[in-house]
Structure formats: structure tokens, C-alpha cells
Amino acid sequence: MLMNVGLGKNPTSEIKIGIVLDLQTPFSQICLTSINMSLSDFYENHSNYTTRLAIHIRDSLEDAVQASAAALDLIKNEKVSAIIGPRSSLQAEFMIRLANKSQVPVITFSATSPLLTSTKTPYFVRATLNDLSQVRAIAAIVKSFEWRSVVAIYVDNEFGEGIMPYLADALQDVHTCITIRSVISLEASNDQITNQLYKLMTMQTRVFVAHMPPNLGFRVIQKARDIGMMGEGYVWIFTDGMTNWISSTEHGSSLENMQGVLGLRSRIPNSKELGNFSLRWETIFGQANAKPNVFALRAYDSITALAMAVEKADTKNLRYDNLISAFLNNTTDLGTLGVSRYGPSLLKALSDVDFNGQNTTSDEIKVGVVIDLKTNFSKICLTSINMSLSDFYQTHPHYRTRLALHVRDSMEDIVEASVAAYDLINNEKVRAIIGPRSSMQAEFMIKLATKSQVPTITFSATSPLLRTINNPYFVRATIDDSFQAEAIASIVKSFGWRSVVAIYVDNELGQGIMPSLSEVLEDVEVHRSVISPEASDDQILKELYKLKTEQTRVFVIHMEPCLGFRVLQKAREIGMMEEGYVWLLSNGMTHMMRHNGRSLETMQGLLGVRSHVPQSKEREDFSLRWKIKFQKENRAGDGTEPNVFALWAYDSVTALAMAVEKTNTKAYMRTYGPHLLEALSDVEFKGLAGDFKLINRQLESSTFEIINVIGDEERIIGLWTPSWEIPTSGKKIKVGVPVNKGFLNFVEIKTNPISNLTTVRGYAIDIFEAALKELPYSVIPQYGFEPPGDNYNDLVYQVFDGKWDAVVGDITITSNRSSYVDFTLPYTESGVSMIVPVRSNKNKNAWVFLKPWSLDLWITTGCFFVFIGFVVWLFEHRVNTDFRGPPHHQIGTSVCFSFSTMVFAHQNMEFELRRVSLVPSEEFFTPQLEQDEDEEAR
């Protein structure tokens with residue numbers, strides 16, 4: 001089938017386009033009607049175009065193989081430049097590979113499976129929504145009803161399987177799991193569907209998410225109703241594809257069969273153009289109750305987009321070349337397939353097409369941007385602005401409004417900035433202005449915008465002198481410098497510095513912070529050093545030498561980064577950044593430390609405060625994309641990074657786009673500014689720089705990071721929050737104390753017998769409570785008492801388990817315990833010592849050697865000596881002449897022998913029995929003495 005739209009009188013080029021659809025289905029008939037209308041409407045409105053689309057239609061017969069064969073025929077024989085279709089994701093897979101090999105763009109308006117990715121197949125263009133775009137909406141419904149488990153019912157092919165990984169991840173994020181995955185074949189009979197539903201009916205889960213082609217999905221629903229699975233207690237959620245066909249005549253579906261069903265579908269805003277198109281479409285289609293669905297609208301828009309792209313593409317390469325030599329000897333159809341030289345040019349033109357189609361209608365809202373275009377700072381921020389605009393409308397394609405940016409160069413000059421704003425307001429009739437860069441440029445611009453009721457949104461003008469209260473049309477999408485004054489004061493007070501020098505620039509930026517800084521440092525002597533923004537290096541050195549003669553060595557510096565880092569460089573040169581000096585940088589300078597590839601080597605030891613920007617996956621992804629785009633546009637080195645002002649610029653555009661969408665452009669055209677300002681004040685979202693919420697038309701930051709520069713690294717050494725200044729309602733913590741009966745000077749627990757009140761005291765407790773008093777906020781300890789048992793391990797593990805917030809006592813630091821808890825630094829040296837009394841008169845008594853033993857021990861020892869001597873004499877005196885003689889000789893020999901046995905062994909004893917009887921006596925006697933000596937020593 002060939003369809004050729006009238007070429008008109010002008011010479012035109014005919015561009016062959018293939019269409020592959022299931023021609024016998026009502027779906028394809030509906031969409032084909034839209035395609036014909038789109039061709040007719042487009043060339044009626046663009047009669048001067050030099051190109052015309054010639055449509056060649058093929059029937060895919062509801063079969064994947066037939067769809068591929070149709071595409072092969074169109075490419076090989078008709079030499080088409082692009083193909084529109086096919087209908088289903090299942091048909092699309094091989095078609096896309098075929099077209100990709102031939103460099104022929106394939107544009108689908110109905111194949112929605114995420115498995116079809118344009119990343120792997122660059123010549124695949126999806127002019128419809130990817131199924132994964134709806135998974136977050138499904139998860140939001142599930143979360144709102146607090147369902148903890150669902151059953152996923154899907155078709156067993158690419159269409160059904162494509163969405164499942166993304167749906168599972170989205171549900172997991174809201175703490176819901178897919179307990180059962182019920183897979184139904186595309187060719188399933190009614191009995192097979194019923195058997196599967198009966199199986200699901202026995203499960204506890206009653207929430208079902210159905211994702212399948214409408215013809216199968218509505219059969220499943222009908223059988224579910226037949227067996228009572230659509231009654232009270234059951235929940236059915238339809239995905240986008242099924243919901244868009246609920247009232248379609250193709251599947252004979254009736255809303256009576258869908259009572260209680262929840263469904264998702266892409267939103268199509270109503271418009272006059274859509275209404276007129278629907279009336280004309282119904283007349284042409286000619287069937288009662290038939291209406292164009294969302295796929296019919298996307299088919300219409302696909303043809304429009306392709307016709308626009310064809311007009312832009314270069315038709316000089318409108319030809320096919322033979323394949324590379326690898327296929328020259330191949331006799332199959334694929335082997336003789338050519339490669340389109342027109343395809344790449346057409347694909348690029350198609351990617352650049354942007355228009356308001358039948359399924360969207362947008363109002364253009366002019367927005368001015370005033371920045372110093374020649375500066376690297378503004379180039380960084382302008383890249384973020386453009387990315388924000390692109391990202392926002394890619395994520396919100398259904399929005400009825402679009403921001404149209406009109407950029408003006410303020411040339412780093414106050415007057416030029418005001419002239420640029422005047423031109424934008426009076427000539428371009430902009431509805432809002434983003435900018436300017438500096439606080440000095442902003443002052444007159446704000447007055448001009450306020451008089452014209454045009455909101456001015458700045459992401460970098462931070463001076464407190466620019467009050468949003470006095471300027472109702474001034475919106476500060478950045479942090480007011482006065483917010484950091486309390487953080488700076490807290491640092492000064494925590495180190496106990498009694499005097500500081502505030503070095504600031506002599507303009508609105510520097511002067512704006514001083515009242516706030518002086519107020520919070522009322523107990524600290526503040527000296528002021530003012531430096532002109534045009535100061536030369538000699539003038540800076542002269543001022544620094546003057547400060548060097550003063551006693552104060554603590555400097556708080558607040559000025560534009562370009563001037564501030566010049567001051568720091570000169571301070572280093574004259575030795576004012578060595579030991580003994582302290583430099584504290586304000587928020588703007590701290591954030592810009594690495595700007596323009598600046599090295600931190602010259603900033604060693606600096607302290608700084610900067611607003612806290614939370615890490616996030618979105619911010620990481622943005623930074624990667626930003627670097628690629630910035631380097632491509634500016635040929636910059638790898639060192640350029642998006643700073644916090646670039647993030648605020650991105651969030652400012654996002655907030656403005658959201659506010660514009662909320663503002664009724666038709667009803668409020670004469671008073672658009674006030675209503676836009678009101679909508680902007682109500683915008684809240686999680687941006688790249690953190691939570692975006694305007695209070696009195698400006699961002700507020702409750703957290704600042706404390707930075708210390710060490711090496712080539714900015715180390716975060718603390719976070720400042722307003723809680724530093726609120727000690728009245730202290731935080732209570734549970735503190736465990738060991739119940740110890742040992743040395744009580746460390747920890748002693750006493751209970752009052754009358755009041756039954758338990759108190760704890762001791763050296764460890766005194767140290768702990770003294771440390772608490774040094775904190776800049778109040779902490780109230782609540783002591784609990786725990787017997788430590790044989791050791792303190794259990795007590796330490798209870799901190800790890802959460803029973804105690806801390807444990808205080810005489811606890812030894814060990815490597816094993818340090819794996820579970822953090823210890824303080826040791827506050828006393830451990831060890832064992834003995835204290836003995838020192839007497840002035842030494843004891844000279846000769847009998848002092850008797851002191852170690854008691855009287856009973858001496859008597860017992862003597863008795864043993866006599867007993868041993870008697871036993872030896874009893875056995876030896878008959879045979880040993882040494883034990884004979886007068887009685888006194890025998891007694892003396894026996895006693896001497898008993899004493900000498902403790903010192904040496906005798907070799908002249910006659911009988912083995914004597915040795916046997918003697919040895920046990922020695923073994924018994926000697927250990928006994930040792931034991932008694934130990935007891936006496938104790």
C-alpha cells in the first residue's frame with residue numbers, strides 16, 4: 001500500500017517512509033487514521049516545505065516474524081529512510097536490530113518495554129513512554145495504602161518481563177515486597193487462566209498489579225470476577241497500557257466489569273487543539289463511540305516530528321550503499337541489505353525536534369538571565385541552568401508551560417546589569433529574571449524588578465543588605481551571609497579567643513555581614529580591616545603589615561574569592577600564616593577554594609565555614625554529566641567542578657519551572673508577577689543542594705560544615721547547628737556505672753537509707769562530669785548501676801548493644817573492647833605500686849629474724865626436728881658408730897643430723913629403708929615451711 005501526500009507546485013524531494021502495523025486490528029486502524037490526518041494537517045500548514053513523506057504500509061499480521069519480514073522488505077526493496085512501528089514490543093526486537101544495521105531510524109509510538117533500549121540500539125526512537133516511568137507511581141499508591149505485599153501478574157514475554165526488575169526495586173524502596181510473580185502465557189486458554197487465579201486465591205496477599213496486553217488482561221479480569229476475586233477485600237491495579245484501553249471497543253471491555261479497579265495512565269492535558277482534533281478524527285473514523293486514545297495521539301505526533309526532521313536533514317545523502325565486504329558473498333536477503341547514508345543525518349535532526357504535539361500543549365514563558373558571561377563562574381552556572389531546563393522538561397513532558405531563556409551579559413558591571421534587566425523587562429517582556437551574580441549588581445536591578453512586579457531570583461547574591469522584606473519581588477535562592485555569623489562566633493568562643501580581626505571588602509558584600517557578626521561576638525573584641533575591591537598588591541601588603549604589628553592573631557576574612565585569595569597569598573609571603581596565626585574563611589570563600597583549579601597547598605591550616613550540601617546519588621550523576629557538558633562547551637580542563645552556586649542555579653530554574661506550571665497564564669496575564677511570586681513561595685522539593693524551601697522568599701540553612709585545610713584536602717572537622725546555642729533543655733543520656741566492691745576512690749555508689757536515693761561519686765565520675773560541662777550544649781547524665789561480674793567485658797558490650805549511651809568507671813582499654821566501643825583518651829596512668837611506712841629509727845634487735853614466723857610455727861618446726869633425729873637414731877645407733885657413745889653425744893648427733901638434712905644429702909647411711917623414711921619427711925616438711933612463709937608474708 002502506498003500513500004503519497006500532494007506535492008504541491010513547488011519542487012519537492014520525496015522521502016520514503018515505511019509503516020509496519022497489524023492492519024486487521026482496531027488498534028492499528030485507530031492509529032492509522034491519526035497518521036493520515038497528521039500528514040494532511042502538516043503539509044497543509046507547511047506548504048512551503050521542500051520535502052514530502054511518501055508512506056509505504058506493510059501488514060505485520062500480529063506476528064513477530066511477519067513484522068521483521070515487512071521491515072526487511074521496506075529496507076531492501078523500497079529503500080525507505082525511516083520506519084514507523086511496529087505495534088508491540090515483541091515485534092520490535094528484531095526489527096530494531098535490522099534497522100540499526102542499515103542505519104534506518106525506527107520510530108515506535110506503542111512499544112513500551114524497558115528491554116528495548118535506545119542506548120544499545122541508537123537507531124531506535126521511542127515516541128511513547130517507557131514502562132519503567134510508571135513504577136514509582138505504582139509504588140506511591142501501594143505506600144499510601146500501606147500494603148506490605150503484592151502479587152505481580154504479567155504476560156510471559158518481553159512486554160511483561162521488561163517492567164518487573166524496576167517494579168520490584170520501586171516497591172522495595174517503600175518497604176513492600178512482591179510475594180508472588182504470576183506469569184501467564186500470551187496464548188493461555190480460559191481454563192489455564194482460571195487455574196492460575198484459583199492458585200492465587202489460596203494465597204494471603206490480596207493486592208494484584210496486572211501488566212499485560214489489554215486483550216489478555218481483560219480476559220484475566222473477567223475470569224477473576226467470575227470466581228469472586230474482584231469482590232470486597234481484593235485490590236487490582238492496572239498499569240498504563242491496560243488503563244488506556246479500559247473503555248476501548250477493541251477488547252469489548254465494559255466499565256461495569258471493572259468496578260473498584262485502580263489504574264495508572266499518562267496524563268494528557270485538555271486543550272482546544274485536542275478537542276478539535278478529536279471531533280475531526282471521530283468524523284473520519286466513522287464508528288460510533290470510537291475515540292482517539294493516547295497511542296493515536298502519539299502516532300499523530302510521530303509523523304509530525306518525522307516530517308519536521310526530514311525537512312531539516314540533508315537530502316544529498318539520500319541513498320543506500322552496499323554492506324561491507326563481509327557480506328558481499330552472502331546470497332541471503334540479509335547479505336544484500338544496504339546501508340542508508342541518509343539515516344545518521346535524519347536521526348540527528350529527529351533528536352533536535354521540539355514542538356507542542358496533540359498530547360501536550362505548552363505556553364512559552366519568557367525568563368531573563370543576567371550574569372557575567374565572560375567569567376568562568378558564570379560559565380559554570382550557565383551550564384547548570386541549561387541542564388536544569390533540559391532535565392526538568394524531560395522528566396515532565398506533560399507540563400503545559402515551558403521556560404524560554406533570554407540571556408544577557410552584565411559585563412561585571414553594576415550599570416550594565418541594570419541596563420540588561422531594563423531591556424529584558426521592557427523589550428522582551430520577561431516574567432522573571434534569574435541573576436545577577438553579585439550583591440552590588442543586584443541592588444538597582446531589584447528596585448527595577450519590584451517596580452515592574454517581575455520576580456528576580458538570585459543564586460549568588462548573599463549580602464544581608466539585600467533584604468527580601470523591603471524588596472518583595474526579590475527571591476534569594478542562596479544562603480544569606482548573616483546565617484553564618486553564629487557559626488563563626490561559635491568557633492571563636494569554643495577556642496576561647498578574646499579578640500579577632502574582621503577583614504572584609506569595602507562594598508555591600510563585606511559591609512552586610514558586619515552588624516550580624518558584631519552582634520554575635522559581643523563578648524569578643526572585634527577589630528575591623530577594610531580592603532578596597534580594587535586594591536593593588538602593595539595596598540594589600542601595607543594593610544597586612546599594619547595588622548602584623550597588632551597583638552591579635554585571629555583573622556576572619558569575608559570578601560569575593562578572587563580578592564580574598566590574593567590577601568591570603570600575600571599573608572603567606574610575609575609569614576602571617578605560620579604557627580600562632582589563625583585564619584577563618586567565610587562561607588563564600590570556603591566553597592570557592594578549588595575554583596579555577598586553585599591549589600590548597602597555599603592554604604594550609606586554614607579554618608572555614610560553609611553551608612552543608614548533602615551527598616546524594618542524583619548529585620553524583622549530575623556532576624558526571626555536568627563535567628562532560630562543560631568540557632565540551634568550554635574546552636576546560638578536568639579540574640573544573642560544579643560548585644555550590646552551580647547547584648543553587650540548577651535548583652533555582654527547577655523551582656521557577658514548577659512555579660510557572662502552577663500559575664494560570666491566561667487568567668492572570670495582567671497580574672502574572674504577584675501570582676508567580678506566590679506560587680514560587682510555595683514550591684518545595686529536594687534539590688541538588690538540599691531541601692529547597694523558601695521562608696520569607698529566601699533559603700535558610702541550619703547546618704554549616706567546619707573545614708580545616710590539611711595537605712590537599714578539605715577535612716570536615718565538625719558540623720554547626722543552632723543546637724550549639726540552646727543549652728536549656730539538655731539531652732539526656734544513659735550512663736552505666738560498675739558496682740565495684742574494690743577500690744572505691746574511682747567509683748563509689750552510695751544509697752541513702754532514709755530517702756533510698758542512690759548517688760555516685762569518685763574520681764572517674766568527677767572527670768566525666770567536668771568534660772560534660774565543657775560541651776557547647778547541655779547533656780544530662782542519667783546513671784544506672786550494673787555489677788560487672790568477673791570482668792568488665794559484658795558492661796562494655798552493653799554500650800554496643802544500646803543499653804547504655806556511655807559507661808564511666810575504672811575500665812581498661814583493650815584491643816578487643818575497642819572493636820565495639822570508642823574510649824576516651826586515658827586520663828590517668830595505670831600501674832601497680834606498693835606504699836610502705838618509712839621509720840626514722842632502724843630496729844637493731846638481734847632477735848628480729850624471729851619476726852616472720854609465729855610462735856606456733858616455731859614450736860611445730862622444733863618438734864619435727866626432734867622427731868626426725870629420733871627416727872634416724874632409732875635405725876642407725878645399732879650399726880653406725882657415729883650414733884653411739886654417751887647419751888649426750890647420741891642426742892647431739894641426732895639433732896645435728898636432722899638440721900643438716902635441709903641443706904645437703906648424706907651419703908654414709910647404711911640402709912635403703914633409712915633413705916625411704918627420710919625423704920618423705922623432707923618432702924613434707926619443706927613445702928609446709930614454704931606455705932607457712934607465704935601466709936606469714938600476707
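This is a short walk through some local features of the structure above, beginning with its aromatic rings. Please keep in mind along the way that the model is a predicted one.

Let us start with the rings. Searching the whole structure turns up 24 aromatic pairs. A good one to look at is Phe208 with Tyr234: their ring centres are 6.2 Å apart and their planes meet at 15°, so this pair counts as stacked. The cut-off behind that word is an angle under 30 degrees between the planes. Phe208 belongs to strand S9 (residues 207-211), while Tyr234 sits in the loop between helix H7 (214-226) and strand S10 (235-238), so the pair ties together parts that are 26 residues apart in sequence. Both Phe208 and Tyr234 are buried.

Now compare this with a pair inside one helix. Trp281 and Phe285 have ring centres 4.6 Å apart and planes at 10°, so they too are stacked. Both residues are part of helix H9 (residues 272-285), where they are four residues apart, or about one turn of the helix. Are these two rings buried or exposed? Trp281 has a relative accessibility of 0% and counts as buried. Phe285 has a relative accessible area of 16% and is buried as well, because the cut-off for buried is under 20%.

Aromatic rings appear in other arrangements too. Phe42, Tyr43 and Tyr49 come together as one aromatic cluster. Elsewhere, a ring has a charge for company: the charged end of Arg298 sits over the ring of Phe295, at 6.0 Å from the ring's centre.

Next, turn to the backbone, where a few peptide bonds and angles deserve a look. Which residues does a cis peptide bond join, with omega at about -5°? One such bond links Gly85 to Pro86. Pro86 is located in the loop between strand S4 (82-84) and helix H3 (89-102). Further along the chain, the peptide bond from Gly435 to Pro436 is also cis, and its omega is near -5°. Pro436 is likewise in a loop, this one between strand S16 (432-434) and helix H14 (439-452).

Positive phi angles are the next stop. Glu412 is not a glycine, yet its phi is positive, at about 60°. You can find Glu412 in the loop between strand S15 (401-409) and helix H13 (414-426). With a relative accessible area of 55%, Glu412 is exposed, because exposed means over 50%. Asn696 is another non-glycine residue with a positive phi, here about 55°. Its loop runs between strand S25 (690-693) and strand S26 (698-699), and Asn696 is exposed with a relative accessible area of 55%.

From there, move to the surface. Which residues form a nonpolar patch with about 240 Å² of accessible area together? They are Tyr763, Ile767 and Tyr827. Tyr763 is found in helix H23, which covers residues 763-773. With a relative accessibility of 37%, Tyr763 counts as partly exposed, because that class lies between the buried and exposed cut-offs of 20% and 50%.

The walk ends with a stretch named in a database record. An unreviewed UniProt entry places a "transmembrane region" at residues 857-875. In the predicted model, this span is 100% helix and 0% strand, and its end C-alpha atoms lie 28 Å apart.

Key:
Residues are numbered from 1 along each chain as its sequence is written. This is a predicted model: local features need pLDDT of at least 70, side-chain atom pairs count only at pLDDT 80 or more; totals for chains, interfaces and linings use all residues. Side-chain values use heavy atoms; hydrogens and water are left out. Rings of Phe, Tyr and Trp (its six-membered ring) pair if their centres lie within 6.5 Å; planes under 30 degrees apart count as stacked, over 60 as edge-to-face and the rest as tilted. Helices (H or I, at least four residues) and strands (E, at least two) are DSSP runs, numbered from the N terminus. Buried means under 20% relative accessible area, exposed over 50%, partly exposed in between (1.4 Å probe, protein chains only). A charge sits over a ring if NZ of Lys or CZ of Arg is within 6 Å of the ring centre and within 35 degrees of the ring normal. UniProt positions are given in the numbering used here, feature names are shortened, and annotations may be inferred rather than shown by experiment. Patches are made of residues with over 30% relative accessible area and no salt bridge: like charges are joined within 9 Å, nonpolar side chains (Val, Leu, Ile, Met, Phe, Trp, Tyr) within 5 Å. Accessible areas come from the Shrake-Rupley method with a 1.4 Å probe; for residues, only the protein chains shown count as cover. A salt bridge is a side-chain nitrogen of Lys or Arg within 4 Å of a carboxyl oxygen of Asp or Glu.
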